[in-house]
Each structure stands twice: as structure tokens, then as C-alpha cells.
Amino acid sequence: VFQLSVPLNFLGSVYRELRQSLLDMETLFNLQKVNVSIKEAPNAKPLQLVHGGQIRFDNVSFGYNKDRPILQNLSLTIPAGKKVAIVGPSGCGKSTLLRLLFRSYDVDSGRILIDDQEIKDVTLDSLRRSIGVVPQDTPLFNDTVGHNIKYGNMAASESEVISAAQRARIHDIIASWPEGYDTKVGERGMMISGGEKQRLAVSRLLLKDPPLLFFDEATSALDTHTEQALMQNINSILKEKARTSVFVAHRLRTIYDADLIIVLKGGSVAEMGTHQELIDRGGLYSELWSAQETLFSADEDKKVIVGDN
Ligand code: ATP
């Protein structure tokens, strides 16, 4: 029995390894949002960011199913080098807009252009290399935390990895772990919190340093204080490098300083402008803002009460 159990155990572990590597492949595919139905144009040219990364949606309509349109005749411009926020009710198509830009899906009609080049005419590789996304839920590889950050740029040095983690405000936490950057994370590794995962995703993005940056609810799992500190770091990097960035956010406090806020509703633009313009307008944004501010002050009051006890 003993003799037999050794090879069986061995086979068991081979099986587990194999199964795990298949899971890793799956994660990788999800991460890269590989969609086989997206085809590169036969004479596709590399995307050239000649105007600093201006993004334009021109009369775009799209639905995951033909009978249920999500975006309808959407036209908007995201200026080069600016911070733009996309807000609106849940399910209005904010994440969809980012997926279309990354060409995870193709539009049903209309055009998406980056610096006047239609994205369906440029090589997929050049498009996706120009874009960095912090998605709502970032998959982690079964690997060390250092490698998980490095996935953003495999050629990065150790000090570049650390600097990205510092800017994403996760370095001190990693440094406090017994194995530091060699700590294994992912399904087989250490359990880490949603907020830590989000900051790893931000580190990965900062290391990739792409010309166009998309953040999809990238700080939603963080407490207000950490979120504000991280946003400050991100904002200063974006400003310094004049990067085009798009933030999808529910918590309006994280985006009220955006150069442009676009409010989506029912698959098209309900209103757009700066925070002050939208507040003065007294429309949907100002309603959302007032509702959140009421909640926020109620929370702050509670904290004061707890603090006094
Ligand atoms: P939230 O603020 O809740 O994240 P959102 O504005 O980002 O929402 P999307 O994720 O873009 O909304 O989704 C828009 C609509 O498309 C939703 O009704 C959603 O259920 C639907 N949808 C999203 N992904 C798919 C998919 N892969 N297949 C079919 N429908 C989808």
C-alpha cells in the first residue's frame, strides 16, 4: 500500500499542477480580455499617438445582444492629457465604454478614434500596449507579489517595482510581510484584501506606464483616507506626464477634480462639464452629488461620535 501511495500522491500533485496551470491560462486570457471574434484589419497600422491621446466616440451604438442596446448614438470627446470621469447610474454602460476602447468588443455602428485613427484600423497589439486598465476586479497570478506587479513591465528593475508600489501606497504593507516581495499571492498564496489587490493593480499599471490610463472603480475597496492618498499620488503622476486618463467611479469625491465629467444615462450622454458647471446646472450630477454628500457627512458624524466615546 505504501509503495502504491507514493506514485499516486505524485500523480495527484502533477494533476493539481496541471489543473492550476490551466487556471492560470484562463486568468491570463481574462486579463488580456482576449476575444477571438475581434479581428485585426488586413492592412492595420500601428497606432500613433500624434496628438497626445485624444479619444473620440462618434455616434457609437453597441449591445452585447442585438435586442438590448447598451450604448445608443453616443458621441463624446476625451481631450488629450486630461483627466476625465465617467459617472452615471449602475448598468448605464460605463465599463462597456472602456471595453470598447480596448477592443474587447467591436461597436455595432459608429466609430471610436484615438488621435484621429479609427481603432479598428490599428494593430491590436499597438492599441492594447497604449492602454493600461485597472479593472473592477484584478486577477492575480499564482506567483510572488513582486512578479504580480512586474507583469506590468517584465523588464522593470527591483527598484522600479518598489517605486511603483510606493506610489500605489502598498509598499509598506508588502514590506511588513515576512517574505516581503517574495510572498506568494493568488489562489494558492496568501489571502490579501480587496483594497490590497486594487493597489497591486495600480502598481502594475504605474509600472507599465501606458499613454492612456483607464481606472474602473479602481479604489472602491479602499477606506476614504487611503483612497484620497492614493488618488493624490495618481493625480500628480498623471499631471506630471500629461497622460489621458479615464476614471469610472461611483464615489464622486474621487473624481470631482476631473477636467471633464461625463454623465451617462440610458446609453448616451446626459450632461457633461466640470464639477462646478454640473452643480450649477442642477441636473443628474448635482442630485447624485447631494445624495452622496449627505451620506458622507452622516458617516463623518458617526466617526466623531465613535471618537468621542
Ligand atoms: P456599474 O456601475 O454597475 O459597474 P456600468 O455602468 O459599468 O455598471 P456595464 O458594466 O457597462 O455598466 O454594463 C452595462 C449593461 O450591460 C448592464 O446591464 C450589464 O448587465 C450588461 N452587460 C455587461 N457585460 C455584459 C456581457 N458580457 N454580456 C451581456 N450583458 C452584459
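An oxygen atom of the ligand sits 2.9 Å from a polar backbone atom of Gly91. This is a predicted model, and the distances here come from its coordinates. Two further polar contacts to ligand oxygen atoms can be listed beside that of Gly91.

| Residue | Protein atom | Distance to a ligand oxygen atom |
|---|---|---|
| Arg68 | side-chain N or O atom | 2.7 Å |
| Gly91 | polar backbone atom | 2.9 Å |
| Cys92 | backbone N or O atom | 3.1 Å |

Arg68 thus contributes through its side chain. Gly91 uses its backbone, and so does Cys92. On its own the ligand has 640 Å² of accessible area, and the protein covers 68% of that. The ligand has 14 residues around it. Those that come nearest are Arg68, Ser90, Lys94, Ser95 and Thr96.

**Overall fold**

The protein holds ten helices and ten strands. It has 309 residues, of which 44% count as buried. Its accessible surface comes to about 16,500 Å². Carbon and sulfur atoms own 53% of that surface. Take the contacts between residues at least 6 apart in sequence: 73% of them join residues at least 24 apart.

**Nonpolar cores**

The largest nonpolar core has 42 residues. Within this core, Ile174, Ile255, Ile261 and Tyr285 have the most contacts. Both helices and strands feed it. Helix 4 (145-150), helix 5 (158-167), helix 7 (194-208), helix 8 (224-241) and helix 10 (284-308) each supply at least two residues. Strand 3 (83-87), strand 7 (212-216) and strand 9 (260-265) do likewise. Helix 7 gives the largest share, six residues.

Ile174 shows how the packing works at one site. Leaving aside residues up to four places away in sequence, Ile174 touches Val145, Ile149, Ala165, Gly180, Tyr181 and Leu200. Apart from this core lies another, of 30 residues. Leu71, Leu74, Ile78 and Ile131 are among its members.

**Strand pairing around strand 4**

Strand 4 (residues 109-114) pairs with strand 1 (residues 55-62). The two run antiparallel and are joined by five bridges. In this pairing Phe57 stands opposite Ile112 of strand 4.

Strand 4 also pairs with strand 5 (residues 117-118), again antiparallel, through two bridges. Here Ile114 faces Gln117 of strand 5. Strands 4 and 5 make a hairpin, with two residues between them. Asp115 lies in the turn and has a positive phi of about 45 degrees.

Terms used:
Residues numbered from 1 in each chain as written. Predicted model: local features only at pLDDT ≥ 70, side-chain atom pairs only at ≥ 80, totals over all residues. Heavy atoms only, no water. Pairing = 2+ DSSP bridges. Helix = DSSP H or I, 4+ residues; strand = E, 2+ residues; numbered from the N terminus. Core = buried A, V, L, I, M, F, W, Y, C linked by side-chain atoms within 4.5 Å. Buried < 20%, exposed > 50% of the residue type's maximum accessible area, 1.4 Å probe, protein only. Contact = heavy atoms within 4.5 Å. Near = heavy atom within 4 Å. Polar contact = N/O pair within 3.5 Å; in protein donor to acceptor, adjacent residues only side chain to side chain. Areas by Shrake-Rupley, 256 points an atom, 1.4 Å probe, with all protein chains shown as cover.
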